[in-house]
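Thanks for squeezing me in, everyone. Let me put the model up on the screen, and then we'll walk through it together.

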Amino acid sequence: MSMQWIVLIVIVVLIVWIVAMYNKLVRFRNQVKNAWSQIDVQLKRRHDLIPNLVETAKGYMTHERETFEAITQARAQAMQAKTVGETAQAESQLQGALSKFNLVVENYPELKANTNFLSLQEELTSTENKVGFSRQYYNDQVLHYNNTIESVPTNIVAGLFRFERSDFFELESPAERAVPKVSFS
Amino acid sequence: MFELIRANQRKSIWLMAILASVLLALGYAIGFLVAPDEPGIQSFFVIIAVGVWLVMLLTSLAGGERILLASAQAREVQKKDAPQLYNIVEEMCIASGLSTVPKVYIIDSPSPNAFAVGLKPQRAAVAVTTGLMGKLNRDELQAVMAHEIAHIQNRDTLFMTLAGVTVGAIIIIGDIFLRSMIYGGGRRRGGGGNQGAALMVIAVVMAILAPILANILYFACSRRREYLADACAAQYTRYPEGLASALEKISGQVTRQTAQAASRTLAPMYIVNPMAARGRRAGLFSTHPATEDRVRVLRSMSGQASLAAYEKAYQALHGKQSVLPPSVRAASVDQAVREQHRESDDGTGRSQWRQAQDLLHQVDRYAVIACVCGMKLKLPPGYEESKVGCPKCGHVHVLPPEMMAGLAAAQMAQRKGKKR
């Protein structure tokens, strides 16, 4: 076998390898995008639920104007956020306001007996969970993707085609990251 | 996560290949015993074995899910009927990255259990008993659903159905053969001297052992996948304690009641084995590992929720064995456990029990009248009187016409459903 043949085979193998790596990276990147859209859906859902919740609760909780204002304001800010970092910041504010609200609710037994409010609260609890779980899934995907971009040998292909690292979705202030722990018993 | 699915699929293909070759070898062995000198007849028996297998396979592919759900007497619920259950399923779909939310079914049974079916994730369904909903708090129910969603996501539902069908075919063929040996048994003389006799013995041993071996393989696989689904559930929820305490609550309470409705094919899909009587140890022939063992592994994950942490805890208790494929172990990263959910048990679980019963009534389209004394009167579909007296205070309620119309319509719908 002549030299040319060997060179040719090496080149073909190399091209096949690059194509395979490229496709893998694209797949991972799409998984990250897909995971982000799931977070987006849940955040929107939370924004939609809040006015209803506030409306229902207002009738009962006449002395909690500050709490409501904090929620409304945080919601407005969260809806304007654009980048991953901004969104994370604003959403952690909103989450803080909501968990404060949940604590205050405990003081209003009539409100807790209202079935409409209860179903809204279950929706909100679940939406909070869904935000959390979609964030968790998104971060897992980002980690996986970033690891692939940075490790040998895929980093060569990633550099060649400009695959960029994705940002993690993290709650900003450590104070809000720690969910308030209260026991009612 | 995707490595896990892929590694699982590779393994499934291997196991299916082994089971299929056992099936073919069994067919050939029988053919050899019937007619040692005629290759034509031998291949005929191989074809019969494949035929039996194909028929069973096609039936389970065509409408397996619906048959299984119907045999367990499961009824579908919508989001408006059971918002919390439905939300929990949605949460776990998001956590696992499952793109379609499976259908949710409920089974009226006091025995707490749950299962998942579905050859494809797009066609999957999860079912829970009212007993399960009545006993578990939100965190625990979430963990159980996570386990079931993991079965769907790992394609266990597909694989265990296929493997179950193949093992079933092997058992049936082996059974038929042994019976015909006992009752017919005339034609298999002749053969050629010592060598022929030796081959004959091997064939008989093969026909007897094949079903047993296939079964052992199938059950071992099923147990492994239970551990794997537990590991995934811990990872999805980031809360291993939820599943541990759910398993603990369930394990003492599973009665044979669900077992009547549960078929053998369905057994590996349940959260705890519905066929096992209380307190039996997991042996070679059980679909599930011992529940205490699963709880012990979950509890020794020491503040971590990743697949690797589960693996470590598992190895600490079982020695060198492992549950995870190597490619997954490499990709797994540290994941911390989350906090407990805020609203937890009230200790009695009575309100959860009542909720589960209410849900059942809602699915069956009962009418509800709230009495002045605080009693809730529930009227079944087909209730034809226009008045009802409260059993507690004696107050007589007159049914509004639209309620009566609703009850009549519900009865019609149920009759129709039964006919179909």
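Which residues do ring pairs link into a cluster? Those would be A:Y22, A:F161 and A:F163. Bear in mind throughout that this is a predicted model.

While we're on rings: over all chains the structure holds nine aromatic pairs. The one I'd like to show you is B:Y227 with B:Y314, an edge-to-face pair with 4.8 Å between the centres and 70° between the planes. B:Y227 belongs to helix α7 of chain B, residues 193–237, and B:Y314 to helix α11 of chain B, residues 307–318, so this pair ties together parts that are 87 residues apart in sequence. Both B:Y227 and B:Y314 are buried.

Okay, some context on chain B. We have 14 helices and eight strands there. Of the 420 residues in chain B, 49% are buried. And if you take the contacts in chain B between residues at least 6 apart in sequence, 68% of them join residues at least 24 apart.

Here's a bit of strand I like. β5 of chain B, residues 367–370, has side chains that alternate. B:A367 and B:I369 point to one face and are buried, while B:V368 and B:A370 point to the other face and are not. β5(B) pairs with β6 of chain B, residues 376–379, in the antiparallel sense, over four bridges. If you want one to click on, B:A367 has B:L379 in β6(B) as its bridge partner.

Now the interface. On the chain B side, 27 residues are in contact with 23 residues of chain A. The area buried between the two chains is about 2000 Å², and carbon and sulfur atoms give 51% of that. Then there's the polar part: twelve residue pairs in polar contact across the interface of chain B and chain A. Which elements of chain B give two or more residues to the side that touches chain A? They are α1 (2–34), α3 (83–96), α5 (138–153) and α7. The largest share, nine residues, comes from α3(B).

Four salt bridges cross that interface. One I've zoomed in on is B:E90 with A:K130, where the closest N and O atoms are 2.6 Å apart. B:E90 sits in helix α3 of chain B. So is B:E90 buried or exposed? Its relative accessibility is 17%, and the cut-off for buried is under 20%, so B:E90 counts as buried. Leaving out residues up to four places away in sequence, B:E90 touches A:K130, B:K79 and B:V101. And there's a network of salt bridges here, linking A:R45, A:E123, A:K130, B:K79 and B:E90.

Zooming out, the salt bridge count over all chains comes to 19. Let me show three more. In chain A, A:E150 forms a salt bridge with A:R165, with 2.1 Å between the closest N and O atoms. A:E150 is in helix α5 of chain A and A:R165 is in the loop between α6 and α7 of chain A, 15 residues apart. A:E150 is partly exposed at 42% relative accessible area, and A:R165 also counts as partly exposed, at 48%.

Over in chain B, the side chains of B:E140 and B:K249 meet in a salt bridge, 2.9 Å from N to O. That pair links helix α5 of chain B to helix α8, residues 240–251, with the two positions 109 residues apart in sequence terms: 109 residues apart. B:E140 is buried, with a relative accessible area of 5%, whereas B:K249 is partly exposed at 25%.

The last of the three is B:R225 with B:D156, at 3.0 Å between the closest N and O atoms. B:R225 lies in helix α7 of chain B and B:D156 in helix α6 of chain B, so parts 69 residues apart in sequence are tied together. B:R225 and B:D156 are both buried.

Finally, some backbone oddities. Most residues other than glycine have a negative phi, and most peptide bonds are trans. Now look at A:V152 and A:P153: a cis peptide bond joins them, with omega about 0°. A:P153 is in the loop between α5 (115–150) and α6 (154–160) of chain A. A:R162 has a positive phi, near 55°. You'll find A:R162 in the loop between α6 and α7 (174–177) of chain A, and A:R162 is exposed, at 69% relative accessible area. Chain B has B:R155, not a glycine either, with a positive phi of about 60°.

That's my tour, so over to you.

Notes
Residues are numbered from 1 along each chain as its sequence is written. Chains are lettered from A and ligands numbered from 1 in the order in which they are written. This is a predicted model: local features need pLDDT of at least 70, side-chain atom pairs count only at pLDDT 80 or more; totals for chains, interfaces and linings use all residues. Side-chain values use heavy atoms; hydrogens and water are left out. Rings of Phe, Tyr and Trp (its six-membered ring) pair if their centres lie within 6.5 Å; planes under 30 degrees apart count as stacked, over 60 as edge-to-face and the rest as tilted. Buried means under 20% relative accessible area, exposed over 50%, partly exposed in between (1.4 Å probe, protein chains only). Two strands pair if DSSP finds at least two bridges between them. Contact means heavy atoms within 4.5 Å. Buried area is the accessible area (1.4 Å probe) that two parts lose on being put together, summed over both. A polar contact is a pair of N or O atoms within 3.5 Å; within protein, one must be able to donate a hydrogen and the other to accept it, and residues adjacent in sequence count only if both atoms are side-chain atoms.
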